[in-house]
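Here is a walk through one structure, taking in its charged pairs, its nonpolar cores and its empty spaces. Keep the 3D view open as you read.

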Amino acid sequence: MSRISVVGAGAFGTAMAIVAARCGHEVMLWAHDPKVAEEIAKSRTNPYYLRDVPLDSKIHPTSDLAEAAAFSTTIFMVVPSHHYRHVLSDLLEHLTAPVHVISGTKGIENDTLDRVSEITSSVLGSERLAGFATLSGPTFALETARGDPTAAVIASEDLDFARDLQRLLSCGTFRLYSSTDVVGVELSGSLKNIIAIAAGVVEGLSLGMNTNAALVTRGLHEITRLGLALGGKLETFAGLAGMGDLVLTCTGSLSRNRTLGTALGKGKKLDAILAETRTVAEGVKTSRSVRDLSERHRIEMPISTEMYRLLYENESPQNAIHRLMSRSLKPEGMG
């Protein structure tokens, strides 16, 4: 039995705390909002996320980062990407020994275009970072938490560390596959959210499965092109972290990004959509980062570009689809 501190008590953080407890570990679950920690302690459920899934007695809620830091040297970071650097910097103040960091965060920082692994190295440095891994794959929080059979990927440049975590967090209904492709797994988990928004737009416009299949396929193509340019491995984009997560997020009703896209497709404005939900659709902020990354590396990403225009330039879904369908004709393997 081990101890794990899960930093972030949203839906996925709570789900991973449940998985870790199910595997026999003691878990400290940190919530930014003290009310969330108090409600978890009182009701043994997370009333704001996954309210119908009971939490094991091995899960100990807190809103005190110092307590989370003292509890374990294995830190599972599951906070929104735009808060990641800030929360990790706050956590650093309480660390007294090097820590192993697992990331469940899916996104790319807007200002720096850093991936989460790069942010982690920058904030903690070699003195406080003993190892880093990222976990991603087709893992809707509710289904993972309630025990539906689920498979994902754990990636670290240190294969032994990835395999250690694979054994630590695999049990019963949750199965991990190990990888050394941190870049590919991080980019797959981040970029698929943009394509999922596009899939929601397709749904909101009442378009059919032909459109959706073309979108998912071409979406995977542009994710792969950028991923390979940044050092990812082809097999990652064809696996659970790539194609698997993309298919799930573009077709599943539990997808926050797809739900947001559906509302956009029906004509609702982004500000109004965001004001109505407590959850975070990572694809909104990631679309800005990916626009900048694709321009920096001269990678054509037409779907992602149109989603950026929809989200930030007040473009209409109809015009976006018209531009995608009227692009110059080319062989399938090209952009």
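A salt bridge here is a side-chain nitrogen of Lys or Arg within 4 Å of a carboxyl oxygen of Asp or Glu. By that yardstick the side chains of Arg291 and Asp292 meet in one, at 2.7 Å from N to O. One thing to keep in mind throughout: this is a predicted model.

**Charged pairs**

Side chains of opposite charge can pair when their charged atoms come close. The structure holds 18 salt bridges, and three of the pairs are set out below.

| Pair | Closest N to O |
|---|---|
| Asp56 and Lys58 | 3.9 Å |
| Asp164 and Arg167 | 2.6 Å |
| Arg291 and Asp292 | 2.7 Å |

How exposed are the partners? Take Arg291 to begin with: its relative accessible area is 22%, so it counts as partly exposed. Asp292, at 25%, is partly exposed as well. For the pair at 3.9 Å, Asp56 has 31% relative accessibility and is partly exposed, and Lys58 is partly exposed with 26%.

Asp164 and Arg167 both sit in helix α7 (residues 159–169), 3 residues apart, or about one turn of the helix. Arg167 counts as exposed because its relative accessibility of 57% is over the 50% cut-off. Asp164, at 41%, is partly exposed.

Salt bridges also join up into a network, which links Glu306, Arg309, Glu315 and Arg323.

Not every charged side chain is out in the open. Asp114 lies in the loop between β5 (99–103) and α5 (116–128). Is Asp114 buried or exposed? It has a relative accessible area of 18%, which is under 20%, so Asp114 is buried. Setting aside neighbours within four places in sequence, Asp114 is in contact with Arg85, Ile108, Glu109 and Ile119.

**Nonpolar cores**

In soluble globular proteins, nonpolar side chains tend to be buried together. The largest nonpolar core in this model has 40 residues, and the members that touch the most others are Val6, Ile59, Phe76, Leu135 and Leu169. Helix α1 supplies the largest share of this core, 9 residues. Apart from it there is another core of 37 residues, including Ile194, Val216, Leu293 and Leu311.

Leu135 is a good residue to click on. Not counting residues up to four places away in sequence, Leu135 touches Phe12, Met16, Phe76, Ile102, Ser103, Gly104, Ala152, Val153, Ile154, Phe174 and Leu176. Leu135 will turn up again in the lining of a cavity.

**Pockets**

Rolling a probe the size of a water molecule over the atoms shows where empty space is left. The largest pocket holds about 1400 Å³. Its lining runs to 50 residues, with Gly10, Ala11, Arg256, Thr279 and Val280 nearest the centre. Two or more lining residues come from each of α1 (11–22), α4 (81–92), α6 (141–146), α8 (182–204), α11 (240–251), α12 (256–265) and α14 (283–297). Which element gives the most to the lining of the largest pocket? That is α4, with 5 residues. By class, the lining of the largest pocket splits into 22 nonpolar, 17 polar and 11 charged residues.

The second largest pocket has about 600 Å³ of space. It is lined by 25 residues, and nearest its centre are Ala214, Arg218, Leu324, Met325 and Arg327. At least two lining residues apiece come from α8, α9 (209–229), α15 (302–312) and α16 (317–325), and α9 gives the most, with 7. Sorted by class, the lining of the second largest pocket has 15 nonpolar, 5 polar and 5 charged residues.

**A closed cavity**

There is also 1 cavity of 30 Å³ or more, with a volume of about 60 Å³. Its lining is made of Ser103, Thr105, Lys106, Gly107, Val116, Thr134, Leu135, Ser136, Val185, Glu186, Gly189 and Ser190. β6 (129–136) and α8 are the elements giving two or more residues to that lining, and α8 gives the most, with 4. By class, the cavity lining divides into 3 nonpolar, 7 polar and 2 charged residues.

Helix α8 is worth tracing by eye: it contributes to the linings of the largest pocket, the second largest pocket and the largest cavity. Leu135, for its part, belongs to the largest nonpolar core and also lines the cavity.

How values were computed
Residues numbered from 1 in each chain as written. Predicted model: local features only at pLDDT ≥ 70, side-chain atom pairs only at ≥ 80, totals over all residues. Heavy atoms only, no water. 1 Å grid on protein atoms, 1.4 Å probe; cavity = no way out; pocket = protein on both sides within 12 Å on 5 of 7 lines; lining within 4 Å. Points joined across faces, edges and corners; volume = space filled by probe spheres on them. Nonpolar A, V, L, I, M, F, W, Y, C, P; charged D, E, K, R; others polar. Core = buried A, V, L, I, M, F, W, Y, C linked by side-chain atoms within 4.5 Å. Buried < 20%, exposed > 50% of the residue type's maximum accessible area, 1.4 Å probe, protein only. Contact = heavy atoms within 4.5 Å.
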